[in-house]
Amino acid sequence: MSIISKDISKAVSLLNEEEIVAIPTETVYGLAGNIYSEKAIKAIFETKQRPFFNPLIVHISSVNYLSTIAEDISEKANNLAEAFWPGPLTMVLKKKNTIPELITAGKDTVAIRIPNHPVTLELLDQLDFPLAAPSANPFSSISPTTAQHVEDYFGGKIKMVLDGGACRSGIESTIVGFENDEPIIYRLGSTSVEAIENVLGKIQIKNRKNNQPDAPGMLSKHYAPKCKLILSEDISETLQNYKKQKTGVLAFQNKIIDRHIFSQIILSENGNLEEAATNLYDAMHQLDKQDLDLIIAEKFPDYGLGKSINDRLERATKN
Ligand code: TXA
Ligand code: MG
């Protein structure tokens, strides 16, 4: 029987019983639990097979709760909250003592965001605790952007996926932290660098690609399909090296005509980066189901959400 359901009150009951529930957000689906329940938080890490050194994001429904989670909130942080919440921006702030270390992996900071999804905002309003929610995928695989993706991953392991439709933004939130009051982007995501710079001015990016465990979740291998993925500036040329392989193509805007392609997905025929981001993970899930030898993905323009898409594609090449 399917675990996908639109029943918010059922999700409320399960979460009150310290169970975990997959929830929709505008970016990707999250695997959620009560931040104060050790049982729920451990279940999140276990279900995802996520290492405990990788901290979780706390989801709240209103900026009114911010001061119950974080302290020393700077003017810059307030400006970002005002500009982007609810929305795909996560802020890393000094944590309150009351926030369990299991959530923050022992750090003295905590990651927080207000998701912009009506179903999850309603759910949060009916709970008297915030929700910790990492993306609802097994560690290092492609993030889910539909309830079905989550069921495919965790069908036998969790009791419910709260269905909120397909995610509108399609890639994870952008993460911003502060070092000596200077804002820093730790993870590129659905809020573009340019949009953040409009609020705060020039901003540094430390979107690390190494394997340092304390780098905010930015392990080099991530978001990866099961089959090999190659990033290419010129798909037709790259195809020449793989003529004998069963190859899938992930193209930005233009269809590639080549008889060596087994299947092809265009992410945005209009060349719209937002639309391409929305479609990215679903396209990767679809290609990954076709038993391919190889996926060749087209490199995106390096601005706006193209930068974030390239980041995800680069990490997906590391398997
Ligand atoms: O869009 C999103 O952010 C989705 C939805 C479900 O909200 N969530 C998500 O969670 O992408 P997750 O766990 O897959 O990624 C959270 C990232 C991790 O890379 C983690 O290392 C980083 O946030 N993070 C969490 N707490 C942190 C902290 N205190 N300092 C630095 N990075 C932190
Ligand atoms: Mg994730």
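## A helix residue to start from

Let's begin with a single residue: D288 is found in helix α10. This is a predicted model, and in it D288 is buried, with a relative accessible area of 15%. Setting aside its neighbours within four places in sequence, D288 is in contact with I142, P225, K226 and C227.

## The protein as a whole

Stepping back, you will find 11 helices and 16 strands in the protein. The radius of gyration is 19 Å, close to the 20 Å that the globule rule gives for 319 residues, so the protein is as compact as a globular protein of that length. Its C-alpha trace spans about 60 × 50 × 35 Å along the principal axes.

Of the 319 residues, 56% count as buried. The protein exposes about 13,700 Å², and carbon and sulfur atoms supply 46% of that area. Among contacts with a separation of 6 or more, 66% come from residues 24 or more positions apart.

## A four-stranded open sheet

Now look for an open sheet of four strands, with the order β13-β16-β14-β15 and parallel pairing. At its edges stand β13 (228-232) and β15 (261-266); each has a single partner strand, so one side of each is left without a neighbour in the sheet. From one strand to the next, the twist averages 20 degrees.

Strand β14 (residues 247-251) pairs with strand β16 (residues 294-298) in the parallel sense, over four bridges. To spot this pairing, start at T247, whose bridge partner in β16 is L294. Helix α10 (residues 273-288), the home of D288, packs on this sheet and touches β14, β15 and β16. The direction of α10 makes about 170 degrees with that of β14.

## Helix α11 and its surroundings

A further helix meets the sheet: α11 (residues 305-316) lies across β13, β14 and β16, running at about 135 degrees to β13. With 12 residues, α11 reaches 17 Å from its first C-alpha to its last, close to the 16 Å expected at 1.5 Å a residue.

In α11, 10 of the 12 residues are buried, so this helix is largely enclosed by the rest of the structure. The buried residues include L305, G306, I309, L313 and A316, along with D311, R312 and R315. The buried residues of α11 pack against β11 (182-187), β13, β14, α10 and β16.

E314 also has its place in helix α11. At 23% relative accessibility, E314 counts as partly exposed, because buried means under 20% and exposed means over 50%. The C-alpha atoms of E314 and E46 are separated by 27 Å, and the two residues are 268 residues apart along the chain.

## Strand β11 and its partners

Strand β11 is one of the elements that the buried residues of α11 pack against. Five of the six residues of β11 are buried, so the strand is largely enclosed by the rest of the structure.

On one pairing, five bridges join β11 to strand β10 (residues 174-179), and the two run antiparallel. Here E179 stands opposite E182 in β11. The hairpin of β10 and β11 has two residues between the strands, and in this hairpin N180 takes a positive phi near 50 degrees.

β11 also pairs with strand β12 (residues 204-205): two bridges join them, and they run parallel. In this pairing, the bridge partner of I185 in β12 is I205.

Key
Residues are numbered from 1 along each chain as its sequence is written. Chains are lettered from A and ligands numbered from 1 in the order in which they are written. This is a predicted model: local features need pLDDT of at least 70, side-chain atom pairs count only at pLDDT 80 or more; totals for chains, interfaces and linings use all residues. Side-chain values use heavy atoms; hydrogens and water are left out. Two strands pair if DSSP finds at least two bridges between them. Axes are lines fitted to C-alpha atoms, for helices over the stretch in contact, and angles run from 0 to 180 degrees between N-to-C directions. Contact means heavy atoms within 4.5 Å. The radius of gyration is taken over C-alpha atoms; the globule rule is 2.2 Å times the number of residues to the power 0.38. Buried means under 20% relative accessible area, exposed over 50%, partly exposed in between (1.4 Å probe, protein chains only). Accessible areas come from the Shrake-Rupley method with a 1.4 Å probe; for residues, only the protein chains shown count as cover. The expected span of a helix is 1.5 Å times one less than its number of residues.
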